[in-house]
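Visitor: I would like a close look at a single part of this model. Please keep the account plain and connect the part to its surroundings.

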Amino acid sequence: MNRGDRQKKKLAVYTATGCRACEQGILDLNYEVNELGRFADPVFWPYVLGTPWEALPGDVDVALFAGAIRTAADREAALSLREKSQLLVAVGACAAFGGLPGLANLADSAAPAEAAPTMDAPDDGKPAVPALEPEAMCLSQVVPVDYFVPGCPPTQNLLWAAVLALVCRGESPSRLSYAAARLPEPIAEAIASGVLPPRGTIFAGEKAVCGSCSRVKEEKKFGTCKRPYEAYQETGRCLLEQGLVCQGVATQEGCGGLCTGVGVPCRGCFGKAPAIFDPGAKMVAAISSTFDSAKAEEIAGLVDGFVDLAGTLYRYSVPAQCSLLAAPAATPDQGCDRCRG
Amino acid sequence: MSEFEPKIVAFLCNWCTYVAADAAGVSRFVQKPNVRVIRVNCSGMVDPSYIVKAFVSGADGVLVGGCWPGDCHYVAGNIKAMRRAPLLKKLLRELGVEELRFRLKWIAASEPSQFAKTVNEMTEEIRKLGPFKRKKKSAKRSAA
């Protein structure tokens, strides 16, 4: 166990605009967190270690970046971590696709008229909030990103697999095979052969959530739109068929159908499945094609039952994957050579 | 200065509306040249993704043409199109696409004049709306 400190990878963890559940997710790796300490030295982790920005070294090996880009401070953090890190990993739905802060882009005005007073506000009630960006963005729209670990928060097994694959690279073959066992074949093969997976890899499955959902799918007929508390029956039947807006059809798998397994409709935190052009349009197709009516008035009535369609269907992905609103990704420039390093 | 010419993408069903569009030409109806026709086998195969993609790719309007209910070559494909349109319209409206830009229309093979009329109407309505622009944030960078 006596590895010299110089062999340890330098790890940075940071959350921009987000709830820090992704950082909690890293701590939630249980005993594995101790293991992580053997391979990596967390040189910068403000949330857990209180590291100030001045202490960020210039040669970080892996930076795990969570949270969306919503303020000028977030943008600076992204630029700074990109510049100083070999690998920049977007962790969680916010960093990967914009997440819940990205819903701000649906509003007519991105900036609130007046900053609400907060608990730690100075006496005049106006806290010094960093300037807001014109729209909320995901990390890859600001700087080139090497890897993505989606989820809200990322599930333990995928997060640990990604950490093993990227941080503990080459340290221990048995650990790598553990990581490989939890990933889709192409990524797993890359890791097993001792190389990094291709840049831009998303640490998730290849199909839609329905592929790993254990519920029984029968004939699809969508009646009235229901909220989860109104509809869930312990029948083990497909939730979409029960009238719940379950987005498993359009969402990338990898979670193993955790939510649907306990009767909670999929909310789409892994982003769109790779084969899908636009998750909202796909969900519209999935729901409305099976409306249980052929009369225009009845259909209009059913449609009225849907509240906040855009906010529901693009809950985690407005900035990156809502094709009618999304901004293009940052062009790969300086990050490209560095990550091959 | 030249006037704005809308680009309209039309997904036309092979059995009814496409035939009507063909016949409209043969019958020498006066039609606006703003429509780009894409022939599909049935209006029921026009996935909402196609329509969204058309707007993303620069269309100012999208027309989906199918057979009248009951006349579908595949029995009920047009009913599927009919079910999808209202929900898609609702989504498009929330994303900043005006209602008039997307239209689902039943035009039988025997109604070429109807096709010409639809095209002309739609072109003029969209010309009034102006080019389709993606919803942009009105807020500037606010200094806190």
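Which residues of helix α1 (residues 17-26) of chain B are buried?

Guide: The model is predicted. In helix α1 of chain B, the buried residues are B:T17, B:Y18, B:V19, B:A20, B:A21 and B:A24. The cover over these residues includes three strands of chain B, β1 (8-13), β2 (35-40) and β3 (61-66), and also the helix α4 (112-129) of chain B. Just after α1(B), the backbone at B:R28 takes a positive phi of about 60°.

The helix belongs to a chain with four helices and four strands. Read from the N terminus, the elements of chain B follow the order β-α-β-α-β-α-β-α. Chain B has 144 residues, and 48% of them count as buried. Its C-alpha trace spans about 65 × 40 × 20 Å along the principal axes. Among the contacts in chain B between residues at least 6 apart in sequence, 81% join residues at least 24 apart.

From here the account moves to the side of chain B that touches chain A. There, 30 residues of chain B are in contact with 36 residues of chain A. Two elements of chain B, α2 (48-56) and α3, give two or more residues to this side. The most comes from α3(B), with 11 residues. By class, the side of chain B that touches chain A has 15 nonpolar, three polar and 12 charged residues.

One helix pair across the two chains can be described in detail. Two packed helices are described by the angle between their axes and the distance between the axes. Helix α12 (residues 296-304) of chain A packs against helix α3 (residues 77-94) of chain B at an angle of about 35°, and their axes are 9 Å apart. The crossing of α12(A) with α3(B) is right-handed. On the α12(A) side the residues are A:A296, A:I299, A:A300 and A:V303, and they meet B:M82, B:R83, B:P86, B:L87 and B:K90 of α3(B). The residues of this contact comprise seven nonpolar, no polar and two charged.

Chain A itself is divided into domain 1 (5-204 + 328-340) and domain 2 (209-307). The contact between them takes nine residues from domain 1 of chain A and eight residues from domain 2 of chain A. On the domain 1 side, the largest share is three residues, from helix α5 (residues 92-97) of chain A. That side has seven nonpolar, two polar and no charged residues.

A strand of chain A can be set beside the helix of the opening request. Seven of the seven residues of strand β1 (residues 9-15) of chain A are buried, so β1(A) is largely enclosed by the rest of the structure. Both faces of β1(A) are covered, with A:K9, A:L11, A:V13 and A:T15 buried on one side and A:K10, A:A12 and A:Y14 buried on the other. Strand β1(A) runs parallel to strand β2 (residues 40-44) of chain A, and four bridges join them. In that pairing, A:K9 stands opposite A:A40. Strand β1(A) also pairs with strand β3 (residues 60-66) of chain A in the parallel sense, over five bridges. There, A:Y14 has A:F65 of β3(A) as its bridge partner.

Key: Residues are numbered from 1 along each chain as its sequence is written. Chains are lettered from A and ligands numbered from 1 in the order in which they are written. This is a predicted model: local features need pLDDT of at least 70, side-chain atom pairs count only at pLDDT 80 or more; totals for chains, interfaces and linings use all residues. A residue is buried if 20 or more other C-beta atoms lie within 10 Å of its own, exposed if 12 or fewer, and partly exposed in between; C-beta atoms are placed from the backbone. Two residues are in contact if their C-beta atoms, placed from the backbone, lie within 7 Å. Axes are lines fitted to C-alpha atoms, for helices over the stretch in contact, and angles run from 0 to 180 degrees between N-to-C directions. A crossing is left-handed if the near helix is turned anticlockwise from the far one by less than a right angle, and right-handed if clockwise. Ala, Val, Leu, Ile, Met, Phe, Trp, Tyr, Cys and Pro count as nonpolar, Asp, Glu, Lys and Arg as charged, and the others, Gly among them, as polar. Domain bounds come from an automatic or database domain assignment. Two strands pair if DSSP finds at least two bridges between them.
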